[in-house]
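Reader: Could you take me on a close look at one part of this model? I would enjoy a connected walk through it, with a few words on the surroundings afterwards.

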Amino acid sequence: MTTLLEVSGLSTHYVAARGTRVTRAVEDVSFSLEAGRTLGIVGESGSGKTTLALTLMRLLPPGARIAGGSVRFEGEDIFTKSNSEMRAIRGKRMAMILQDPMASLNPLFTVGDQIAETLRAHEQMPRRGAWTRARDLLAAVRIAVPERRVGEYPHEMSGGMRQRVVGAIAISCEPKLLIADEPTTSLDLTIQAQYLQLLREIQRERDLAMIFITHNLGIVAKMCDDVAVMYAGRLVEFGPVRRIFDAPAHPYTRALIESIPRLGDPTARLTAIDGQPPDPAALPPGCAFHPRCPLVVDRCRVEAPPEVRVAVAHHARCWLASERPI
Amino acid sequence: MRRFILRRMGYAALSLLLLSLTIFLFVRLTGDPTVLLVEPGAAKGDMEAMRARLGLDRSLIVQYGSFMAGLARGDLGQSFYYRTPVVELYLSRLPNSLLLALVAMSFSLLIGIPSGILASVRVNTWWDNAGKLFALLGLSLPSFWTGLLLILFFSVYLGWLPSSGSGTPLHLLMPAFALGWYFAAAHMRLTRSSMLEVLGSEYVKLARLKGLPEALVIAKHAFKNALIPVLTLAGINLVIMVNVAVVVETVFAWPGVGRLLYEGIAFRDFPVVQATVLLGGMMIVVVNLMIDVLYAVIDPRIRYER
Amino acid sequence: MSDSRALPAIQAEVLPLPGRWSGLRSGNLPVLPIAILGILILTAIFADVLAPSDPEVGTLTDRFKPPAWIEGGSRAHLLGTDHVGRDVLSRLIFGARVSIVVGFLAVIVAGAIGTTLGILSGYLGGWVDQVIMRLTDTWLALPALTFAIFLAAVVGPSVMNIVIILSAVYWTRYARVIRGEVLSLRERDFVRLAVVAGCSKWTIMRRHILPNVLNSGIVLGTLMLGVVIVTEASLSFLGVGVPPPKPAWGLMLADGKKGLMAGYWWLTVLPGLCIVLMVLSANLLGDWLRVKLDPQLRQL
């Protein structure tokens, strides 16, 4: 099992108003991902998950600065690559699926065209060949009658189908890593399960590593091998899914798990986490979670906790973590 | 698609109706329309005859009916000055205005679109600021003043270009520039904002994520999408140009429908004024309809609109 | 692009964000436009005191005198004289009065009509909306200048008529935009609460909708000022605007054309410059206001 992706100490900041406002969107994040495994990145809006994904792709909006750390993909340092080298990686070795399929597809071009252009750009396939391959890819994402669909426009398809097309585009050049940023959030509930199933199958068929960004712990439980929990730009817990769910080390993770409504017990109350996620441009001192933490102690208010190893391949950022029984 | 076209045609017909009604009512509402519609200095008998012809003693609806009947026949009266049917007069001048408008429009697009694209791709840099300045000036300078300044500079001081009349391409240069300047600014502005919007869209983001070369992203994905509103505006503006060229045509004595309108006012030739405005407005409504249909051809989404 | 730690220059690929069309000086107060407009307004008010000569009467022996700093000019006529010997400076000063009065009045009246109809159309919906919108669309299709010329030819030129005509032509711009705003305001919670609380339609329109569209109205009004001024100048230039011998900048341009081929440039350049200054200031101010007051108005 080779390490496909290794991220260490990664920080990405947004700088606004001529350097006076710094938003630490991603701060000192470290994790690794092996080939064929699935990592779930969980967090509320504003926790930095999407910025993290865009940083891996090195496709950040203006005003964003990579402030530190490194990313190694297939052993190569991403940050030393030139623009054209990055472009060769994007779409070909690393692919991404975005949240809203209607917005992701250009309304003026057919679905087939949009799949084919990736093939033609990366593999210099001639037009005919690319078109045929596009049709095959539509079949691979389980779209019926692909030879007809390939000539259709995005608005002629349903939401679920469009997202499959986006999936087809993503796997078209046989990438090693697929990053999916909330791919099912825009889909109807009934379609979501189907889509997740599809992703699972594709992953197995192609030995694809996946990073699954979501705020839905249920999906994480079903789809992922490891999970990384983000809060206010920091990775507050990382570990295998089973372990995290059974014995979460960080109070935030614990609260997230407990806030999932459970069927079957009408007397159990719905628990919510008090307060709001902090403004990333104005984080509280010490541990960013301390204002909302039920287990807060004085140290938390002053010093930000470092990453502590709780168990094998399981770490967390909490002053109380190392004191917990393993 | 057929449904869409039929609906648009219905709207157009309604607009035409409202337009003619507006013109009709405004003339009738000012008291005695015969004052306007009869030659200045006419004898009393002529006025009586006109009154009878207009049927002013009959109800407004009947009058409108005969007005519309005349319109359908292509009869909007006769010019006092030229003593020819105004519709004929208008149609004979129209090609000149169209020529001027086409040249001015080409100029405005050739300057406007590339500078808009450049400004959007180099947002907030020197290029963009220069573009903003250009746009601001273009939208603030009245076209006829630009024309007068051009005459001052190129005809009076340099003696390179003729200051009035038509006939050679040299005659066309200054009026087209004066007319097109404002629209160049408007098109530049729209191109810029349209491109920026498209460049920030999710599908452009995905195109970049797919690893497509930047030039392809801009030329294929951004450009076509961004151009739609610009071309729509350009089409509408073409017809508007024909109509607002009044002042430019007057300044340069260019023999188009704008100048015809001016002559109508200057010589108190009201049938000419009425016809020019009415026909000009009708042309706009029809062209808008054609643009809507064309839009449906370019943008596949529109065809399926309910 | 420097990073907060000394890393090799990383070329982060940029995704440009959608920009907003802002004036040349976005953010800080546009001092110059406001100053210019202020000066123009003061000039308009104190024209009688400021102007050195009578703007409407001239002496034929003093025709086509150039501005004072050119050979042949004199202190008596700082900016020269026109084709009947009238003092250009005085005419410019009184012309400011015409432009300011006509411009502001037309914008306010058009704004009042347009906003009212826009609110009614947007809020009441139904056939009221259809009727008003059809009319607005049709009148919008007709270019303002052409329509204005037509109306001027029908009713005859005078300052009051011009204001009425300009209002009649330009209210449609307001109605369209305001209606759009009202449509989205209608769905907002505070309006719905008022409905649930039992307020009458008229009360809601007056107390909840109107104050919220005022911002757009003001921005639109400022932007319209420039357009109205140019239209008024065009009308006067063509001879259907402000009637002579009253001084209007557009009229001065028409007169100036007579001397153009002979090289009497000041009769063309100076009035035009005044028009441009006023229009530029109004446009800059309007752009700034739009950014400040209501970011929704990108479509303008």
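Author: Gladly! Let us start where helix 8 of chain C ends: just after this helix, Gly239(C) takes a positive phi of about 100 degrees. Please keep in mind that this is a predicted model.

Now step back into the helix itself. Helix 8 of chain C covers residues 201-238, and its end C-alpha atoms are only 46 Å apart, whereas a straight helix of 38 residues would span 56 Å at 1.5 Å a residue. Where does helix 8 of chain C bend? Look at Leu210(C): there the helix bends by about 45 degrees, and a proline, Pro211(C), follows within four residues.

From there, let us move over to chain A and its strand 8. This strand takes in residues 209-214, and six of its six residues are buried, so that the strand counts as mostly covered. Which residues point which way? Ala209(A), Ile211(A) and Ile213(A) point to one side of strand 8 of chain A, while Met210(A), Phe212(A) and Thr214(A) point the other way, and all of them are buried.

Strand 8 of chain A also has partners. Strand 3 of chain A (residues 38-42) runs parallel to strand 8 of chain A, and five bridges join the two. In this pairing, Gly40(A) has Phe212(A) as its bridge partner. Strand 7 of chain A (residues 177-181) is likewise parallel to strand 8 of chain A and joined to it by five bridges. Here Phe212(A) is the bridge partner of Ala180(A). Between strand 7 and strand 8 of chain A, the chain passes through helix 8 of chain A (residues 189-206), and this β-α-β crossover is right-handed.

While we are in chain A, a word on cysteines. A search of the whole structure finds zero disulfides over all chains. Why is Cys293(A) not bonded to Cys318(A)? The sulfur of Cys318(A) is the closest cysteine sulfur to that of Cys293(A), but at 6.2 Å it is too far for a bond. Cys293(A) counts as buried because its relative accessibility is 13%. For Cys318(A), the closest cysteine sulfur is in Cys300(A), and 6.1 Å is again too far for a bond. Cys318(A) is buried too, with a relative accessible area of 9%.

Last comes chain B, with 14 helices and zero strands. Its C-alpha trace spans about 80 × 60 × 30 Å along its principal axes. Of the 306 residues in chain B, 53% are buried. Among contacts in chain B with a separation of 6 or more, 73% come from residues 24 or more positions apart.

Notes. Residues are numbered from 1 along each chain as its sequence is written. Chains are lettered from A and ligands numbered from 1 in the order in which they are written. This is a predicted model: local features need pLDDT of at least 70, side-chain atom pairs count only at pLDDT 80 or more; totals for chains, interfaces and linings use all residues. Side-chain values use heavy atoms; hydrogens and water are left out. The expected span of a helix is 1.5 Å times one less than its number of residues. The bend at a residue is the angle between axes fitted to the seven residues ending there and the seven starting there. A disulfide is a pair of cysteine sulfur atoms within 2.5 Å. Buried means under 20% relative accessible area, exposed over 50%, partly exposed in between (1.4 Å probe, protein chains only). Two strands pair if DSSP finds at least two bridges between them. A crossover is right-handed if, with the strands pointing away from the viewer, the path from the first strand over the helix to the second runs clockwise. Contact means heavy atoms within 4.5 Å.
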